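Q: Could you take a close look at one part of this model, the packing between its helices, and set it in the context of the chain around it? I would like one connected account rather than a list.

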Amino acid sequence: MASDPRVSKPRLPKAYTDVQLIFLRSHISGFETRTRGHVRGDAKKFALDRANEFLVRFGMPEDLQGIDEAEPRFREQIYNWYKNTVGRARRKLEGRTRSKKPAEKVSGSPGHNSLTWSPNLETPTTVSYAAQSDIAAQTASSSSQQQQQSQQHVPPPQPTGHIQFSFQTNVTVPSAATLALNASPNALRDAFFTRGIDVPTLSSLIQSYVLSHPSPTPLNPIIDALFAAVTSSLNAPTASRTASNHDTIMTILRRFTEACGYFPASLVHAGVSGPVAGPRALQMAIRKSSVWYPVLAPASGTTMSDEMERIAADRQKRKDYIQWAQIHGAALELGLLSFRSDYAGTAESLSEMMARDAVWETDEVEWVAGIFVLQSLIRTGSLARKHEYEQLLSTYEGRWKEIKDEARQALVTEVLLSAQQDLAHMNEGRVQ
């Protein structure tokens, strides 16, 4: 049986992702500008502010957690990294038209531009800071050789007095086009919930991935990345989260919707082109995910290991099914399931059928999923259907008593109380 990597493999130590490295590198030019300013300590304050922003967005690196004065150490490391990176880049720039001694001095201190919490180099989607220094040194050496060859015909450039950070080098953040060329499912997942990447860049990442993976339904991997982003956000430590599960999902879906607004007419998914191709892909994924079927056990010949793997896969599938129902409800509230006139009523009928039928099924996971969709129907419904929703909600309350899994029962308890409040605040338009 094919195993789900989320349930059959041990978790690896945290590594710094492309998104985190891009965030740090994107502020190098800002730090360098402040080193040439007249305000004393402005550059250091800038670096410490970026360290604080890193902690807010990504949290404390794992190897610094539990250490005394971890935050001050982390901030000081970020400051030293910016300072050494800019200083090294400046010396290399000067070394292109002068002697090679500055470059030799830089190569003689390889540890000055690396952080002690460098990531695992075996992870394909991460690059360590030490590796970044080596790449920068190779780039400078290659540029020096090319310039020496061209000096026979072109006069050497005059020193500018400050560093021009190019977005095409490995020292600073790549351009949006470079990011798009390196688009991967993991990068897309991180881009969905990382505010350091703006919506146009997110859209560029999506479009580049679609262009390099053509198919009649090219946005399917994008929807998978969106689902993975929701999973990562909901699995984050409770102490580091400031929004509810519902609000977190709504935020990610809004970013997806805004990114779809930049889609050209040439981007086609299942016969739908342009900005509405994204909602169409999401609608198709929600339709498929609304049908529940458990992981079936083989008839015979299973080992204890096979059975344990099946149980773990079934448990993960139940979590995914409930999460899809949460996405379903959020998409319904945002109007992402009714995006064209020729699909009018499709979203409502799909959601209505799921909410009405799920409560009568035998598996409690369908009851949990159904109540999430019902709550969104109440929030988007009219006063004329209030009594109808009250009766259906009462049926779900009866099912709540039969739920055996404590975690699922707690979920339903929260949703039932919230749905009752939504019904109490119903007016002729929408739930307030």
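A: A residue is called buried here when its relative accessible area is under 20%, exposed when that area is over 50%, and partly exposed in between. By that criterion 43% of the 432 residues of the chain count as buried; the model is a predicted one, and everything that follows should be read with this in mind. The chain contains 18 helices and two strands, and among its contacts with a separation of 6 or more, 71% are between residues 24 or more positions apart.

The packing of helices may be approached through one pair and then extended to others. Two packed helices are described by the angle between their axes and the distance between the axes. For helix α13 (residues 277–289) and helix α14 (residues 304–334), the axes come within 10 Å and cross at roughly 135°. That angle makes α13 oblique to α14, since only angles over 145 degrees would count as roughly antiparallel and only those from 65 to 115 as roughly perpendicular. The crossing of the two helices is left-handed. On the α13 side the contact is formed by L282, A285, I286 and S289, while α14 contributes Y321, W324, I327, H328 and A331. By class, the residues of this contact comprise seven nonpolar and two polar ones, with no charged residue.

Within this contact L282 deserves separate attention, as it also belongs to a wider nonpolar assembly. Once residues up to four places away in sequence are set aside, L282 touches W324, I327 and A331, and in addition I223, L253, F256 and L336. The largest nonpolar core of the model has 92 residues, and L282 is listed with F192 and I206 as having the most contacts inside it. Helix α16 (residues 364–380) supplies the largest share of this core, 10 residues.

R287, also in helix α13, counts as partly exposed because its relative accessibility is 46%. Although 67 residues separate R287 from M354 in sequence, their C-alpha atoms are 9.7 Å apart in space.

H328, already named in the contact of α13 with α14, leads on to S351, which is found in helix α15 (residues 346–358). Apart from neighbours within four places in sequence, S351 is in contact with H328, L332, L337, V373 and L377. With a relative accessibility of 0%, S351 counts as buried.

F192 and I206, the other two residues named for their contacts in the core, meet in a second helix pair, in which P185, L188, A191 and F192 of α9 face L202, L205, I206 and Y209 of α10. The residues of this contact divide into eight nonpolar, no polar and no charged. The axes of helix α9 (residues 185–193) and helix α10 (residues 199–212) come within 10 Å and cross at roughly 155°, and α9 and α10 are therefore roughly antiparallel to each other. Here too the crossing is left-handed.

A third pair involves α16, the helix that supplies 10 residues to the largest nonpolar core. The axes of α16 and helix α18 (residues 406–424) come within 10 Å and cross at roughly 20°, which makes α16 roughly parallel to α18. The crossing of α16 and α18 is again left-handed. From α16 the residues involved are E364, V368, I371, F372, Q375, I378 and R379, and from α18 they are R408, L411, V412, V415, L416, S418, A419, D422 and L423. Sorted by class, this contact has 10 nonpolar, two polar and four charged residues.

Two loop positions complete the picture. S244 lies in the loop between α11 (220–234) and α12 (245–260), and its relative accessible area of 35% makes it partly exposed. The C-alpha atoms of S244 and L234, which are 10 residues apart along the chain, are separated by 8.9 Å. A270, in turn, is found in the loop between β1 (268–269) and β2 (272–273). Most residues other than glycine have a negative phi. A270, which is not a glycine, nevertheless has a positive phi of about 55°, and with a relative accessible area of 30% A270 is partly exposed.

Definitions and conventions: Residues numbered from 1 in each chain as written. Predicted model: local features only at pLDDT ≥ 70, side-chain atom pairs only at ≥ 80, totals over all residues. Heavy atoms only, no water. Axes fitted to C-alpha atoms, helices over the stretch in contact; angles between N-to-C directions. Helix = DSSP H or I, 4+ residues; strand = E, 2+ residues; numbered from the N terminus. Parallel < 35°, antiparallel > 145°, perpendicular 65-115°, else oblique. Left-handed = near helix turned anticlockwise from the far one by under 90°. Contact = heavy atoms within 4.5 Å. Nonpolar A, V, L, I, M, F, W, Y, C, P; charged D, E, K, R; others polar. Core = buried A, V, L, I, M, F, W, Y, C linked by side-chain atoms within 4.5 Å. Buried < 20%, exposed > 50% of the residue type's maximum accessible area, 1.4 Å probe, protein only.
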